[in-house]
Amino acid sequence: MPCSTPSGDVVTSVVFVCGSNSCRSQMAEALARRFVSDKGIDLPKDFRISSAGLNKAASAVKPLALEVLTEVGVGCESLSTQELRNCPEAENHDALLLVLCDEESCRSCGTFLQDYPAKMVLRRPFPAPSKISKSINDAEQVKQVFRDVRDEITLWIEKDFLNLLGFEN
């Protein structure tokens, strides 16, 4: 059975999108996969959850993003970076693009996303941990910034993600 949004739109893939696909979108992808698994949700066999970056993709996922995911038992083995334009799921007419850029970046990406045939584009801004932590010199405080963003994304996934796919939470 395909997933469908509360409005009845069929969705066959979800792509979490942020600036360079090195932190927020990666965390959301990994957290969503785990959440679906933990809830025992049987998604259609061809349903995909992925992530991508609006800009040139980073060369790797930020180590602190991986570290804070691992702290809460989330597997990171399958995470890799990619640009949105190279993401096959984003080209799907039945895709749901979830844009996680911070408020400032979200305002500038609207025109760019009009080039994609996705069924729906939703914006849920989260702060960029690397932007926030630039002026912090203490390694533990920097890690806490990444944890805080992970926790914000986790709460959003737990509260809203399944509803976006038409499942009761």
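A residue counts as buried here when its relative accessible area is under 20%. By that yardstick, buried residues make up 47% of the 169 residues in this protein. Keep in mind that you're looking at a predicted model.

Let's start with the overall layout. The protein has five helices and six strands. Walk along the chain from the N terminus and the elements come in the order β-β-β-α-β-α-β-α-β-α-α. What about contacts along the sequence? Take the contacts between residues at least 6 apart in sequence: 76% of them join residues at least 24 apart.

Now for the helices, and a good place to begin is α1, which covers residues 24-39. One of its partners is helix α5, residues 139-164. The two pack with their axes 9 Å apart, at an angle of about 45°, so α1 is oblique to α5. The crossing of this pair is right-handed. If you want to find the contact on screen, pick out R24, M27, A28, L31, A32, F35, V36 and K39 on the α1 side, and F146, V149, R150, I153, T154, I157, E158, F161 and L162 on the α5 side. Sorted by class, that contact between α1 and α5 comes to 12 nonpolar, one polar and four charged residues.

Helix α1 also packs against helix α2, residues 63-71. Here the axes come within 10 Å and cross at roughly 25°. An angle under 35 degrees counts as roughly parallel, so that is the label for α1 and α2. This crossing is right-handed too. M27, A30 and L31 of α1 make the contact with A65, V68 and L69 of α2. By class, you get six nonpolar residues in the contact of α1 with α2, with no polar and no charged ones. Notice M27 and L31: they belong to the α1 side of the contact with α2, and they turn up in the α1 contact with α5 as well.

What does α2 do with α5? These two helices pack at an angle of about 65°, their axes 9 Å apart, and α2 passes α5 in a right-handed crossing. On α2, the residues involved are L64, A65, E67, V68, L69 and E71, and they meet V142, K143, F146, R147 and R150 of α5. The class count for α2 with α5 is six nonpolar, no polar and five charged residues. F146 and R150 of α5 take part here, and both are also in the contact with α1.

Finally, zoom in on two residues, starting with S51. You'll find S51 in strand β4, residues 48-53. Is S51 buried or exposed? Its relative accessibility is 1%, so S51 counts as buried. The S51 side chain has a polar contact of 2.6 Å with the side chain of E29. Leaving aside residues up to four places away in sequence, S51 touches V15, F16, N21, S25, Q26, E29 and Q82.

That list includes Q26, which brings us back to helix α1, where Q26 lies. With a relative accessibility of 0%, Q26 counts as buried. With residues up to four places away in sequence again left out, Q26 touches N21, S51, V61, L79, S80 and T81. N21 is a neighbour that Q26 and S51 share.

Definitions and conventions: Residues are numbered from 1 along each chain as its sequence is written. This is a predicted model: local features need pLDDT of at least 70, side-chain atom pairs count only at pLDDT 80 or more; totals for chains, interfaces and linings use all residues. Side-chain values use heavy atoms; hydrogens and water are left out. Axes are lines fitted to C-alpha atoms, for helices over the stretch in contact, and angles run from 0 to 180 degrees between N-to-C directions. Helices (H or I, at least four residues) and strands (E, at least two) are DSSP runs, numbered from the N terminus. Angles under 35 degrees count as roughly parallel, over 145 as roughly antiparallel, 65 to 115 as roughly perpendicular and the rest as oblique. A crossing is left-handed if the near helix is turned anticlockwise from the far one by less than a right angle, and right-handed if clockwise. Contact means heavy atoms within 4.5 Å. Ala, Val, Leu, Ile, Met, Phe, Trp, Tyr, Cys and Pro count as nonpolar, Asp, Glu, Lys and Arg as charged, and the others, Gly among them, as polar. Buried means under 20% relative accessible area, exposed over 50%, partly exposed in between (1.4 Å probe, protein chains only). A polar contact is a pair of N or O atoms within 3.5 Å; within protein, one must be able to donate a hydrogen and the other to accept it, and residues adjacent in sequence count only if both atoms are side-chain atoms.
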